[in-house]
Amino acid sequence: MTVQLYIFQPLVTNSARVYQALLEKGVEFEPIVLGPQTMSHLSPEFLKINPRGQVPAMVHDGKALAEGMCMQEYIDEVFEGPPLRPADLRERWRMRVWQRWAENDIGRALMMINWNRIMPRMRGQRSPEEMKTFARSVPDPDRRRSWMNAAGQTTPAVQIEESHRRVREGLRRIERRLSESPWVAGEGFSLADIDLFHFVGFKSVWLPDWILELINEADTPATVDWIGRMEARPSTIEIHARTVRPPRPPQAA
Ligand SMILES: N[C@@H](CCC(=O)N[C@@H](CS)C(=O)NCC(=O)O)C(=O)O
């Protein structure tokens, strides 16, 4: 049985959510790092594995899988190891609601803010024209638009401002949820904790300083406590150890 996991570095958001699920289950796997810097996620070889040209993607016994949330459930079903989904069906429902929200709402808002922040660094020595040529080769039309906007630094300010608003409101929602039960879905650790942790990027290079200032003992004690418990998990320690940390991007946006 072999598992290869295709990821980006730094190990955050979509890549980290599946990486941590594999670690929590104790599955042996080979991580393969692709990079937006080298555009290797758009190579013909990788497009055979995931035609959308996105990570994470996993090859299990020669068969390819994509889409992080579906891969996590697959991992939990197929491999031995501690369950990552609650047995209680109401908690399982809550887990999925929060996984989707982490990915599609607060995660997307942060992605919008960060993508625009890090693009000048990612672009390196390449000219804006060269970046646009890369962006045009992105297979998914939504992703293509967002690459083009970030590459040309033309994302409308109103979209960035709306993303900031959603993050601020989202942090309050997280605090309310974690005041009601120790873990996101309820009484036990689950995939929802992994996802919220990585999509918000608590304590990672991903998070701009202005967000870190909103999370503190006085205003968000339940969130601070949960972050401490997440940080103490052996799988989180391993993820941090395997993350290649680039210099922190400028904090302006
Ligand atoms: N719906 C996909 C989204 C994956 C995704 O957005 N991956 C990012 C990296 S975090 C990516 O590959 N970005 C490159 C691109 O979209 O061009 C999933 O859930 O796995």
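# Exercises: strands, turns and helices

In this predicted model, Asp61 is found in the loop between E3 and E4. We begin with that loop and then work outwards.

**Exercise 1. Describe the turn that holds Asp61, and the strands on either side of it.**

Step 1: Start with the two strands. E3 covers residues 57-60, and E4 covers residues 63-66. They run antiparallel, joined by four bridges.

Step 2: Look at the ends of this ladder. His60 has Lys63 in E4 as its bridge partner, while Ala57 stands opposite Ala66 in E4.

Step 3: Now the turn. E3 and E4 form a hairpin, with two residues between them. Asp61 has a positive phi of about 50°, although Asp61 is not a glycine.

**Exercise 2. Find the partners of E1 on each side, and state the sense of each pairing.**

Step 1: Take E3 to begin with. E1, which spans residues 3-8, runs antiparallel to E3, and four bridges hold the pair together.

Step 2: Follow the partners along E1. Val3 is bridged to His60 in E3. Leu5 has Met58 as its partner in E3, and Tyr6 has Ala57.

Step 3: Turn to E2, residues 30-34. E1 and E2 pair in the parallel sense over five bridges. As one example, Ile7 is partnered by Val33 in E2.

**Exercise 3. In what order do the four strands stand in the sheet, and why is one side of E2 and of E4 left without a neighbour?**

Step 1: Put the pairings together. The order is E2-E1-E3-E4, in an open sheet. The pairing is mixed.

Step 2: Look at the edges. E2 and E4 each have a single partner strand, so one side of each has no neighbour in the sheet.

Step 3: Add the twist, which averages 25° from one strand to the next.

**Exercise 4. Trace the path from E1 to E2 and place the helix H1 on it.**

Step 1: Leave E1 and enter the loop before H1. Pro10 is in this loop, and the peptide bond from Gln9 to Pro10 is cis, with omega near 0°.

Step 2: Continue into H1, residues 13-25, and on to E2. Together, E1, H1 and E2 make a right-handed β-α-β unit.

Step 3: Place the helix against the sheet. H1 lies across E1 and E3, and runs at about 150° to E1.

**Exercise 5. Describe how H1 meets H8.**

Step 1: Compare the axes. H8 covers residues 191-200, and its axis comes within 9 Å of the axis of H1. The two cross at roughly 145°, and the crossing is right-handed.

Step 2: List the residues that meet. H1 brings Thr13, Ala16, Arg17, Gln20 and Ala21. H8 brings Leu191, Ile194, Asp195, His198 and Phe199.

Step 3: Sort them by character. The contact of H1 with H8 has five nonpolar, three polar and two charged residues.

**Exercise 6. Where is Pro56, and what is the form of the peptide bond that joins Val55 to Pro56?**

Step 1: Locate the residue. Pro56 sits in the loop between helix H2 (44-49) and E3.

Step 2: Check the bond. Val55 and Pro56 are joined by a cis peptide bond, with omega at about 0°.

**Exercise 7. Where is the kink in H4 centred, and what is the phi of Gly124?**

Step 1: Follow the helix. H4 covers residues 89-123 and has a kink of about 45°, centred on Gly107.

Step 2: Step past the end of the helix. Gly124, just after H4, takes a positive phi of about 55°.

Methods:
Residues numbered from 1 in each chain as written. Predicted model: local features only at pLDDT ≥ 70, side-chain atom pairs only at ≥ 80, totals over all residues. Pairing = 2+ DSSP bridges. Bend = angle between axes of the 7 residues up to and from the residue. Right-handed = clockwise from strand over helix to strand, strands pointing away. Axes fitted to C-alpha atoms, helices over the stretch in contact; angles between N-to-C directions. Left-handed = near helix turned anticlockwise from the far one by under 90°. Contact = placed C-beta atoms within 7 Å. Nonpolar A, V, L, I, M, F, W, Y, C, P; charged D, E, K, R; others polar.
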